[in-house]
Amino acid sequence: MSICLQVVPSEAQKAIVFLKENGLFDGNLKPAHAAGAVFFPLARRPSQAQAKKLKSLAPSAKTVQWKLERLHVRPRSLEEALERKLSPAERKALIGSFDTVGSLAVIEVPDALKKKAGLIGRALLEVNAALESVYQIASAHKGKFRVQKISWLAGKKQKRAHYKEAGCEFVVDLDKVFFSPRLSGERLRIAQLIQPGEVVGAFFAGVGPFPILFARHSPMAKAYAVELNPTAVKNLKENIRLNHVEDRVEPILGDVNKVVPKRLRGLCDRVVMPLPHGGEDFLEAAFLALKPAGGFIHFYQFTDKQNPLAEPLRRVEAVARKFGRSVEVRAWRVVRSFSPVKVQVVLDVEVRAKPNNLGKNK
Ligand SMILES: C[S@@+](CC[C@H](N)C(=O)[O-])C[C@H]1O[C@@H](n2cnc3c(N)ncnc32)[C@H](O)[C@@H]1O
């Protein structure tokens, strides 16, 4: 039984407005119609003054006990959903951040909470109505393909995500390819820098978020999307079709260091290098891919939080010297924090024309 305000139906509207305005209505319970009356759940008994005012608005009003149904109220956060299921220390240990890729969530569960992982997964489904599946991170991004192992926690068992970003659609086989929604801002930022007619080398293309966003949001002529992981290239080809950019994004399966000398030498106005872990080994390929008239390289690196620019800049300048090209960092920024001591940065590097090419058109 719950404490309720009982009124005749003709006075229900005035009564509910008063209850809500005065914080007396209990939103966790469902009002009932029965025995020719309406029963509103009360958060507490009205004060004498409130009862008097209520009587003047709805003369039939009286407080009674009545059985009401509890409404399912969706928790507002993972912490709130787990309030009664985890101890305060366990809740503190929970890393609140998770990535969502379409209707899949991927969450990091700390070791101390591994036994509660299923419960955490179900809580996440409860918090977010758009989610259908929750997976936990089972390994760091590893190997050449930078793939992360994930294991099922709750909801539908499906590792293929359907993801939307900036009006583009992607299928992503999350357990077989690298994908992160965290660089979405970067993709649009670079799309806005691209000039009409540019040819772009989209190195380390993955399932295609960089080149496909460029095709939809920039005036580029064409992007060559180079990727080593055959499953990522399968997803990439499907995504190119899904977004109708077949004429402007060309997928190439292979190693950047082998593909560029054979197919992309001197073809590009701009090269994008989203391989922050080890991308330095491909800087020579980036310089080789640029047109003799010069262009831009967007170089991503994990680097020292205290002095983020020094090491990536040293690497770019060393390769520029080798190629006899002068470079200028036109912009750089910290893209995201990676660990307590490391950040991910991007350098927008302008590579000037080859000395013997000055004055010539592209
Ligand atoms: C950090 S992921 C970035 C993927 C994608 N650009 C994105 O933002 O989702 C790096 C990608 O580079 C690919 N890769 C690694 N080494 C490569 C190489 N030598 N040549 C071409 N692709 C490579 C990996 O398979 C992976 O898909």
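Which strands does helix α7 (residues 209-217) lie across? Select α7 in this predicted model, and display the strands beneath the helix: α7 lies across β13, β14 (222-227), β15, β16 and β17 (295-304), and runs at about 165° to β15.

**The sheet of 7 strands**

Extend the selection next to the whole open sheet, whose 7 strands follow the order β15-β14-β13-β16-β17-β19-β18 and whose pairing is mixed. At the edges you will find β15 (249-253) and β18 (327-337), each of which pairs on one side only. If you compare strand directions across this sheet, neighbouring strands are turned by 20° against each other on average, with direction ignored. Within the sheet, pick out strand β13 (residues 199-202) together with strand β16 (residues 270-273), a pair that runs in the parallel sense and is joined over 3 bridges. To see one such position, label A202, whose bridge partner in β16 is V272.

**The ligand**

Now centre the view on the ligand and show the 19 residues around it, of which K144, F204, E227, D255 and V256 come nearest. Colouring this shell by residue class gives 12 nonpolar, 3 polar and 4 charged residues. Three distances are worth drawing. A nitrogen atom of the ligand lies 2.8 Å from a backbone N or O atom of F204, while an oxygen atom of the ligand lies 2.6 Å from an N or O atom in the side chain of E227. At L228 the partner is again in the backbone, where a polar atom is 3.2 Å from a nitrogen atom of the ligand. Switching to a surface display puts these contacts in context, since the ligand taken alone exposes 600 Å², and the protein buries 96% of that.

**The sheet of 4 strands**

Move on to the other open sheet, in which 4 strands with antiparallel pairing are arranged in the order β3-β4-β1-β5. Here β3 (32-34) and β5 (62-66) stand at the edges, and because each has a single partner strand, one side of each is left without a neighbour in the sheet. Neighbouring strands of this sheet are turned by 40° against each other on average, direction again ignored.

Zoom in on β3 and on strand β4 (residues 37-41), which run antiparallel and are joined by 3 bridges; labelling A34 shows that this residue stands opposite A37 in β4. Finally, add helix α1 (residues 12-21), which packs on the sheet by touching β1 (2-7) and β4, and whose direction makes about 5° with that of β4.

Notes:
Residues numbered from 1 in each chain as written. Predicted model: local features only at pLDDT ≥ 70, side-chain atom pairs only at ≥ 80, totals over all residues. Heavy atoms only, no water. Near = heavy atom within 4 Å. Polar contact = N/O pair within 3.5 Å; in protein donor to acceptor, adjacent residues only side chain to side chain. Areas by Shrake-Rupley, 256 points an atom, 1.4 Å probe, with all protein chains shown as cover. Nonpolar A, V, L, I, M, F, W, Y, C, P; charged D, E, K, R; others polar. Pairing = 2+ DSSP bridges. Helix = DSSP H or I, 4+ residues; strand = E, 2+ residues; numbered from the N terminus. Axes fitted to C-alpha atoms, helices over the stretch in contact; angles between N-to-C directions. Contact = heavy atoms within 4.5 Å.
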